Amino acid sequence: MSIHWCGAGMSSGPGLRRLIKAGHPVIVWNKSLEEAHAAVGDITQSISEFDFDQLSQTVNEGDIIVSMLPTDWHVRLADMCINKAAHFISASYISPEMQALHAKALLRGVACVNEVGLDPGIDHIMAHHLVAAYRASDAFDPKNDISFHSYCGGIPKDPNAFRYKFSWSPLGVLQALLAPSRSIRHFTELNITHPWDAITSYDAPLRVPESFEVYPNRDSFPYMDEYGFEPSWRVKEFARGTLRLNGWAEAWSDIFAALEEGPDKERLKELAEELWQENTYSENEKDRVVLCVELKAERDGRITWHRTFALDAFGDERGTAMARLVSMPVSITVEAIMHHEIPAGVSAAPSDPKLTLRFLNAVDKQAQFLQLVNHV
């Protein structure tokens with residue numbers, strides 16, 4: 001059995017190095033050999049230039065492929081894995097095309113695990129833990145009003161005037177801002193075309209409490225089922241969203257205005273290049289990740305159960321906070337598949353309590369602050 005780790009970019013380092021140092025049989029595949037050697041060449045020489053045909057000829061039954069490549073590679077790699085009876089992992093959202101591989105993966109006994117990075121990933125693990133704890137509590141009652149919020153953001157540790165710095169392609173950030181969102185606010189479906197039209201304030205219960213700007217992103221509705229919400233539950237609030245430093249909306253007002261004009265692909269690329277040149281991290285500059293996942297139950301206007309996972313991490317000698325928190329859960333998923341702890345089929349981050357605890361213990365070691373706050 002071999003682990004084929006595809007992509008040795010900014011988000012791969014800590015998790016990839018962890019697997020190699022643990023003695024697992026890892027083959028690193030990357031488009032740039034120079035980049036791969038710079039990332040892990042000090043601990044392995046098992047590095048190959050990424051080529052899909054060569055990779056597919058190398059993969060054997062029972063192998064595991066990790067895709068840290070751009071999202072348009074995931075489905076092609078997963079399909080190849082299923083045909084080879086090998087397993088697949090990515091940190092990206094499950095696309096409709098990926099979900100369509102579920103039946104085929106089941107038949108072949110192949111695990112295709114996605115959404116096991118930071119967001120999506122660690123946020124799912126925290127949500128599963130909270131829902132399980134609520135269900136097991138004396139406060140559980142299907143007639144309660146339930147509010148769920150999950151907000152995550154990568155931000156500069158030392159704030160700048162732009163209130164943000166890019167650790168990944170600005171084009172991806174701009175495209176995310178152009179995507180509509182669907183969530184629940186005050187028992188009502190909230191459909192938003194422009195995220196900046198739904199910005200609210202969120203008080204995060206960190207070591208030093210801090211307020212952030214937040215907004216819902218993507219479609220939150222499928223995650224009610226993913227997290228085990230019953231159709232009969234009274235859902236007052238449900239939103240998975242993005243977290244930004246206070247002042248972000250004002251600093252980005254010109255960007256929002258440009259996006260409202262409906263720029264074409266070329267203009268988006270130009271804008272992304274401008275942002276990349278002006279607002280990237282310098283070599284030794286520290287990034288920061290804040291993640292808060294909150295579940296609250298109310299009855300007749302009185303809070304009966306309320307807990308929040310609050311995470312605060314920043315770059316240190318182990319690497320950037322973003323890289324640690326994206327790649328470490330991926331590496332743990334590799335080992336879970338090796339130990340046959342994840343079932344076949346297309347799935348997101350696991351909900352098995354044994355696995356969620358393992359993930360949370362690992363995350364605790366990667367963050368400078370991780371606390372489960374009981375507000376009641």
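In this predicted model, strand 2, spanning residues 26-30, is mostly covered, with five of its five residues buried. Val26, Val28 and Asn30 point one way from the strand, while Ile27 and Trp29 point the other way, and all are buried. Such a pattern is a familiar one: in a regular strand the side chains alternate between the two faces of the sheet.

It is worth following strand 2 to its partners. With strand 1 (residues 3-6), strand 2 pairs in the parallel sense, over four bridges. Here Ile27 of strand 2 has His4 standing opposite. The connection between these two strands includes helix 1 (residues 13-21), and strand 1, helix 1 and strand 2 together make a right-handed β-α-β unit.

Strand 3 (residues 47-49) also pairs with strand 2 in the parallel sense, in this case over three bridges. Asn30, one of the buried residues of strand 2, stands opposite Glu49 in strand 3. From strand 2 the chain crosses through helix 2 (residues 33-40) to strand 3, and this β-α-β crossover is right-handed.

Further along the chain, helix 4 (residues 74-84) offers another set of buried side chains to look at. The buried residues in helix 4 are His74, Leu77, Ala78, Met80, Cys81 and Ile82. These buried residues pack against three helices and three strands, namely helix 3 (52-58), helix 5 (96-99) and helix 6 (102-108), along with strand 4 (64-67), strand 5 (87-90) and strand 6 (111-113). After helix 4 comes Ala85, which has a positive phi, near 60°.

Methods:
Residues numbered from 1 in each chain as written. Predicted model: local features only at pLDDT ≥ 70, side-chain atom pairs only at ≥ 80, totals over all residues. Heavy atoms only, no water. Buried < 20%, exposed > 50% of the residue type's maximum accessible area, 1.4 Å probe, protein only. Pairing = 2+ DSSP bridges. Right-handed = clockwise from strand over helix to strand, strands pointing away. Contact = heavy atoms within 4.5 Å.
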